[in-house]
Amino acid sequence: MISYKIKTIVISNGERLPMLLESETNMPDYWITLYTINQLRSRGLAVKTIEQTLQHLKLLMFFLKNNYSEEINLEERFKNAKLLSLSEIETLCDVCKLHFEDLTEESLFTKTQTNIKLNSLENFRATNKSKNIRTVNPKSTGHRIRAIRDYLVWLGNTYLSNVEDFGLKTLSLNDTIKTVTSALEARIPKNYNNDPVSGKRGLSEEELKTLFSVIDKDSESNPWKSSFTKTRNELVIFWLYEVGLRRGELLNIKMSDLNFQEEKVYILRRPDDSDDPRTNQPVVKTLARKLPISKNLLDLTYSYLFGIRERLPESVYHPYLFVADKSGLPMSLSALNKIFSDLKKADSNLPKNFSPHILRHSWNDNFSKTMDDKKTPEEQEKQIRSYLMGWVPTSNTASTYTRRHVEEEANKALLEMSKNSIITKRE
């Protein structure tokens, strides 16, 4: 079975370029690499966005290479004014519903020496009853199909632009591309959302108590051993909870971004920073901004910087605030994620979806309560929230959190009213 992987390379100027490679040969796919450079990178898309698109196209390549005993060669099909049949489109869209790691040579694509058996998703499940066959949510399926659609349209049009003899086959291929596009679009699932108001929420009061109890350096439940790791990880949690930063924003902070006199921190965009040694560079997705920091948080940060960070060997060679234990190199995104997985293992009372972003939701919950106490007008609240979160002023994201808080207050009011209901009095 031919498989693919994604590798990000760092160019001399610091630019990160994700590439789709064949796993065994480590060779990049020519057409997808050309598509990445000409269509994705040229649009100024973020590295993570390009990487996500390649994850979607990896499914397409898996389908093309493993669907038949002889792989589907799109260039050969273009020459015959063909692309994908309807049955192939059906199977491809079935593939888009599955977790990639669940796809194996013996599963969806059954091969024998005498014939090819093209199974549907239902048959795939039936022949894998002993396995836990998982499907992604409709939104993710839609993203995959759209990415594949866009690539196939680009590939087909690229082939057409290089054809010198515009005959019937050329016209037929043009119609075929349109037909395949329509067929794929028709199979994009609707993203039903039964709870558009509430969305994700931050931690409850009990969960917050649990969290702060576990990360206490003297707690028996603290999952870390060394004094440095305990101090750094506690500080990471405090920063995420008090300032409401994203992962990339936190790990992007340099010591020069801290102003201890003004008690402020600068959140700056540094895409493709040549000084950052991390291949998977943490980046700021939101707008640059200057944020106030509490004196307590700054005091803890100062103690960390000049008490334990400077002792690590590699920490003196770079300016990043948070560093890896033992080496002192800039802390990676995977190391940050591990903090949260360690905490979930340490205490089962923390939610299963506990992650850095949940603390950003917790910050927004706290912000809503603060604005409510101050009786801040809704429009002004949106503007303040948008600035602090780094959203553009016209973003509707702030309205999501405002509606969520209104819903919570409405529920409280309804419960309060129920205490004086006729039913309650009868009891």
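Trainee: Which residues does Gln281 touch, leaving out those up to four places away in sequence?

Mentor: Gln281 touches Arg16, Arg270, Pro271, Asp272, Asp273 and Asp276 once residues up to four places away in sequence are left out; bear in mind as we go on that this is a predicted model.

Trainee: And is Gln281 buried or exposed?

Mentor: Gln281 has a relative accessible area of 8%, which is under the 20% limit, so Gln281 counts as buried. Its place in the chain is the loop between strand 6 and strand 7.

Trainee: What do strands 6 and 7 belong to, then?

Mentor: They belong to an open sheet of three strands, which runs in the order 5-6-7 with antiparallel pairing. Strand 5 (258-259) and strand 7 (289-292) are the edge strands, and each has a single partner strand, so one side of each is left without a neighbour in the sheet.

Trainee: How many bridges hold strand 6 against strand 7?

Mentor: Strand 6, residues 264-267, pairs with strand 7 over four bridges in the antiparallel sense, and in that pairing Tyr266 has Lys290 of strand 7 as its bridge partner.

Trainee: What about phi of Glu263?

Mentor: Glu263, which lies in the loop between strand 5 and strand 6, has a phi near 60 degrees, a positive value in a residue other than glycine. Most residues other than glycine have a negative phi. With a relative accessible area of 30%, Glu263 is partly exposed.

Trainee: Which other residue has phi near 60 degrees, and where does it lie?

Mentor: Ala81 has a positive phi near 60 degrees too, and is again a residue other than glycine; Ala81 lies in the loop between helix 3 (74-79) and helix 4. At 10% relative accessibility, Ala81 counts as buried, whereas Glu263 is partly exposed.

Trainee: Switching to helix 4, how many of its residues are buried?

Mentor: Seven of the ten residues of helix 4 are buried, and the helix is described as mostly covered. The buried ones are Glu88, Ile89, Thr91, Leu92, Cys93, Asp94 and Val95.

Trainee: At what angle does helix 2 pack on helix 4?

Mentor: Helix 2 (residues 47-66) and helix 4 (residues 86-95) pack at an angle of about 135 degrees, and their axes are 10 Å apart. That angle makes helix 2 oblique to helix 4, and the crossing of the two is right-handed.

Trainee: Which residues make that contact?

Mentor: Helix 2 contributes Leu59, Leu60 and Phe63, while helix 4 contributes Glu88, Thr91, Leu92 and Val95. Sorted by class, the contact has five nonpolar residues, one polar and one charged. Of the helix 4 residues in the contact, Glu88, Thr91, Leu92 and Val95 are also on the list of buried residues in helix 4.

Trainee: Back to strands: how do strand 1 and strand 2 pair?

Mentor: Strand 1 (residues 4-10) pairs with strand 2 in the antiparallel sense over seven bridges, and Lys5 has Leu21 of strand 2 as its bridge partner. The two strands form a hairpin with five residues between them, and Gly14 in the turn has a positive phi of about 95 degrees. Strand 2, residues 16-22, is mostly covered, with six of its seven residues buried.

Trainee: And how many helices and strands are there in the protein?

Mentor: The protein has 16 helices and seven strands, and 44% of its 427 residues count as buried. Among contacts with a separation of 6 or more, residues 24 or more positions apart account for 63%.

Key:
Residues numbered from 1 in each chain as written. Predicted model: local features only at pLDDT ≥ 70, side-chain atom pairs only at ≥ 80, totals over all residues. Heavy atoms only, no water. Pairing = 2+ DSSP bridges. Axes fitted to C-alpha atoms, helices over the stretch in contact; angles between N-to-C directions. Parallel < 35°, antiparallel > 145°, perpendicular 65-115°, else oblique. Left-handed = near helix turned anticlockwise from the far one by under 90°. Contact = heavy atoms within 4.5 Å. Nonpolar A, V, L, I, M, F, W, Y, C, P; charged D, E, K, R; others polar. Buried < 20%, exposed > 50% of the residue type's maximum accessible area, 1.4 Å probe, protein only.
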